[in-house]
Every structure is written in C-alpha cells, then in structure tokens.
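Here is a quick tour for anyone about to look at this model at the bench. Have the sequence and the 3D view side by side as you read.

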Amino acid sequence: MNAKRAPGSGPDLASVARLLADGTRAGFCLALLDGRAWTATELARHGGVAPSTATEHLHLLVRGNLLAEERQGRHRYVRLAGPHVAELIESLAALAPERATPPRTLSAAGRRDALGHARTCYDHLAGTVGVAITDSMIDRGLLDLEHGLSLTSAGAAWLTDLGIAVPTGARRPSVRSCLDWTERRPHLAGAVGAALCRHALDTGWITRVGTTRAVAVTPLGRQALHHHLGLPDDLLTRS
C-alpha cells in the first residue's frame, strides 16, 4: 500500500511565488537580469520607492534565495543568486501578459525596442538577435533539439575554431534553453550561451547600450555573425 504524501511536504513553491507576486520585488529581479550588482539605493530609485522600502523587499528576496548579498567596505550590493534564478525570471516574464500602458515618452519607447532587439539575459544573449543566433545554430547542426537542447560535436568544434572556451566541471549545465520574454521562443543559455556572449562583448561584436541590458550589434559583429551563422544585416540592425 502506497503511503500518501503529507499535504505540507515537498518544496514550498508558493513561498517563491509570494516573493515575486509583489510588483516592486518582481521589478527589482527584472532589473538585476543585467548581471550587475546593485545597491539598495539604486534599486529604490529604479523602482520609485523609498530606500527603506527597497531594503525591506531586498531582505525578503535574499532570505528567499533569489538574491545574493555582497559587501564591499561599507557598501552592500545585491545580485541575482545565479543563472538558474535569471532563467527563472526570464521564463516567468515570457509567460506574463504585456503591460497595457504604452511607453509615455519616445526615449522609453526606444529603450523598450532596444531591449526587444538585443539584450543580455544575465550573462547570455536574448531578444531578436539572441533567438536568431540560437535558430541558426540549430539549423547548422551546431545545436541539437532531439533530446532537449544540446551541443553537437560540430558545435564544439565551431566554438573551438572561434577561440571560445567553455568552462567545464561546473554545476551549471553546458547548454540550456531559456524562454525569451519578448520573442516568446527559446534562446541559448547555460555555460555555452554565457561563453558566446562574453566572446561577442570581448571581440566587439556587440556593445552595451548605456546602463541598460540592451546591446547593439556593431558593424564588425554584423560581418562576423553573417560569416559564421548566415544572419542577414537587416535582422542585426535595429530599425
């Protein structure tokens, strides 16, 4: 006779849901998808709340293991607890409905469009460009979808030819599919996605746009991505 699981046993998924059910806390997590460490004051300014209110929310997020705390001298910083949290936030954002309120200014609309075109999702590429890179790698046999997203031997050789070294032995998966919140389709995450993004930044294929998560593909990047993945210039250029 099988024993029944007690109603209160197992992971407390509702506790995580409660943390993200608050709009201010959810907004902080979305802001931290840029991969940087922020102070409570910076997040308070971003969220339009008092510093004391921001601190209360951050304490809850740290205790809930969604954020990690770092101290440097007298300063306290917080960042997402890891790529697994970033991928959770990005996936939830892809399931969330669009906000009905349109951007109030041209600059706000420009920031929204820039994020939709190309951005970092913690430490890998997302947006139209990130999804296009993933699609092209699948089409060229560098990634395989047969048993979930995985790197093929041809993909490993392709990375080596580009001089991209992927860390091994870490607990982080080599390849992971991350649901893109603007495209509503998967982009490449995991150690390979992070290494590819780092390479694109280091070689000047992409450059950051201001202090946001948005990135722009440079002329050098358009040439390289066309050569290596066949991506057309018009897709890589934000209109």
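Of the 239 residues in the protein chain, 38% are buried. Here, buried means under 20% relative accessible area, exposed means over 50%, and partly exposed is anything in between (1.4 Å probe, protein chains only). A word on ground rules: this is a predicted model, where local features need pLDDT of at least 70, side-chain atom pairs count only at pLDDT 80 or more, and totals for chains, interfaces and linings use all residues. Residues are numbered from 1 along each chain as its sequence is written, and side-chain values use heavy atoms, with hydrogens and water left out.

**The whole chain**

The protein chain has eleven helices and eleven strands; these are DSSP runs numbered from the N terminus, with helices (H or I) of at least four residues and strands (E) of at least two. Its C-alpha trace spans about 60 × 50 × 40 Å along the principal axes. The radius of gyration is 19 Å, which agrees with the value near 18 Å for a compact globule of 239 residues. That radius is taken over C-alpha atoms, and the globule rule is 2.2 Å times the number of residues to the power 0.38.

Contact means heavy atoms within 4.5 Å. Among contacts between residues at least 6 apart in sequence, 56% join residues at least 24 apart.

**A buried histidine pair**

H124 lies in strand 5 (residues 124-126), while H187 sits in strand 9 (residues 186-189). H124 counts as buried because its relative accessibility is 0%, and H187 is buried with 0% as well. Their side chains make a polar contact of 3.2 Å. For that label, a pair of N or O atoms must be within 3.5 Å; within protein, one must be able to donate a hydrogen and the other to accept it, and residues adjacent in sequence count only if both atoms are side-chain atoms. Not counting residues up to four places away in sequence, H124 also touches others, including E87, R119, R172, C178 and C197.

**Salt bridges**

Side chains of opposite charge can pair when their charged atoms come close. The structure holds eleven salt bridges, each being a side-chain nitrogen of Lys or Arg within 4 Å of a carboxyl oxygen of Asp or Glu. Among them are these:

| Pair | N to O distance |
|---|---|
| R36 and D34 | 2.8 Å |
| R79 and E70 | 2.6 Å |
| R185 and D135 | 2.8 Å |

The R185 and D135 pair links distant parts of the chain, 50 residues apart: R185 is in the loop between strand 8 and strand 9, and D135 is in helix 7 (residues 127-139). R185 is partly exposed at 37% relative accessible area, and D135 is partly exposed at 24%. In the first row, D34 is buried at 6%, whereas R36 is partly exposed at 36%. E69, R71 and R76 are also linked in a network of salt bridges.

**A loop residue**

V166 is in the loop between helix 8 (153-161) and strand 8 (176-179). With 24% relative accessibility, V166 counts as partly exposed. Leaving aside neighbours within four places in sequence, V166 is in contact with L159, A191, V192 and A195.
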